[in-house]
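Thanks for making time this morning. I would like to walk you through one structure, with the sequence and the model on the screen as we go.

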Amino acid sequence: MATPRDAEIRKDVQTYYGQVLKKSADLQTNACVTAARPVPQHIREALQNVHEEVSLRYYGCGLVIPECLENCWILDLGSGSGRDCYALSQLVGEKGHVTGIDMTEGQVEVANKYIEYHMEKYGFQAPNVTFIHGYIEKLEEAGIKNESYDIVISNCAINLVPDKQQVLQEVYRVLKHGGELYFSDVYASLELPEEIRTHKVLWGECLGGALYWKDLSILAKKVGFCPPRLVTANFITIQNKELENMIGDCRFVSATFRLFKLPKTGPTQKCQVIYNGGIRGHEKELIFDANFTFKKDEVVEVDEETVAILKNSRFAQDFLIGPDGEKFPTCGAYTALEVKDVITDPFELAGRFDSAESRSFPAVGGCCSTKKCS
């Protein structure tokens, strides 16, 4: 049950995103801008088809768009003006569907205003996108049914809700078995002190509600998800001296994680897998997360958990998976991941990206915004 403090935070956030912010340049941090990765051509084209007003009212800088989307049903938590939803509606096609839910009524009104415009532009006979005014921790109240979505995405919205576990429980409920929560959010390097957790501007800037990064794994396990898989991460900078002084020694990162809901099956073993290159925009290689990159036709040895994900998710059709405990005949390139190489700490990954100054790709993955994006 929501506490009076939770209700107050919700009201403050609605005011911040509905009245205080008019454009992305009004934000005072670069929260939720994850590390740069190349954006596939088909996604760039999908974004170019989104109406100008929708894009202008969108407070996200990067993209939270996973791979392998054709015919999928996708739920966008904190969909704002609908930019990501309209891009996704093209990518899932007429047989797929995208639902956006947001607690800011003005943002939902902007999103709904352009449904007909986009469907006509895409040449779709019937709308494949729906927008709901509601709360991401109360999906059942919004009419979203059990096991009804293949993918849930979120672009810097979960940190704006005090009860993160409730959000994850609701997401787990609405995901089909084999489904995925693919989301970007803000994480703190330590448990936040009271003065940060109660600061109105820091809540609106996605910092006051940031989760201590180690707690994500604990909450995911409680709810029933597989352990979080880190995709990318980037340090957050503050463009306000007063806020910077208040934060003190605490550091923040924006990071993208994948959480999978798998059916309860028997134990698996390490296997070798081969990616067939069948995912649009990722024909040569699939960067699955910070630890696994699958190149077309290359043999890769993966751990038990990765085997279970590839076998039971929408990615199954795109991988040849060797029988448990057996190996493919040696041919061509081969990759094996050492346990010591596995990265789970977003601050460690952000440090690696931060030192790689040669990266110059457009940002992909992210949530709130930065002055660079206006």
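A233 stands opposite A255 in β8, and the two strands concerned, β7 and β8 (residues 252–260), run antiparallel and are joined by six bridges, where pairing asks for at least two DSSP bridges and a strand is a DSSP run of E of at least two residues, numbered from the N terminus. This is a predicted model, in which local features need pLDDT of at least 70 and side-chain atom pairs pLDDT 80 or more, while totals for chains, interfaces and linings use all residues. Residues are numbered from 1 along each chain, and side-chain values use heavy atoms, without hydrogens or water.

Five of the seven residues of β7 are buried (under 20% relative accessible area, 1.4 Å probe, protein chains only), so this strand is largely enclosed by the rest of the structure.

Turning to the cores, the largest nonpolar core has 39 residues, and L75, L77, Y187 and F225 have the most contacts inside it; such a core is a set of buried Ala, Val, Leu, Ile, Met, Phe, Trp, Tyr and Cys residues joined through side-chain atoms within 4.5 Å. Beyond its neighbours within four places in sequence, L75 is in contact (heavy atoms within 4.5 Å) with residues including T99, I101, L139 and V174. A second, separate core of 33 residues includes V50, V64, Y122 and F124. In soluble globular proteins, nonpolar side chains tend to be buried together.

Note on methods. Buried < 20%, exposed > 50% of the residue type's maximum accessible area, 1.4 Å probe, protein only. Helix = DSSP H or I, 4+ residues; strand = E, 2+ residues; numbered from the N terminus.
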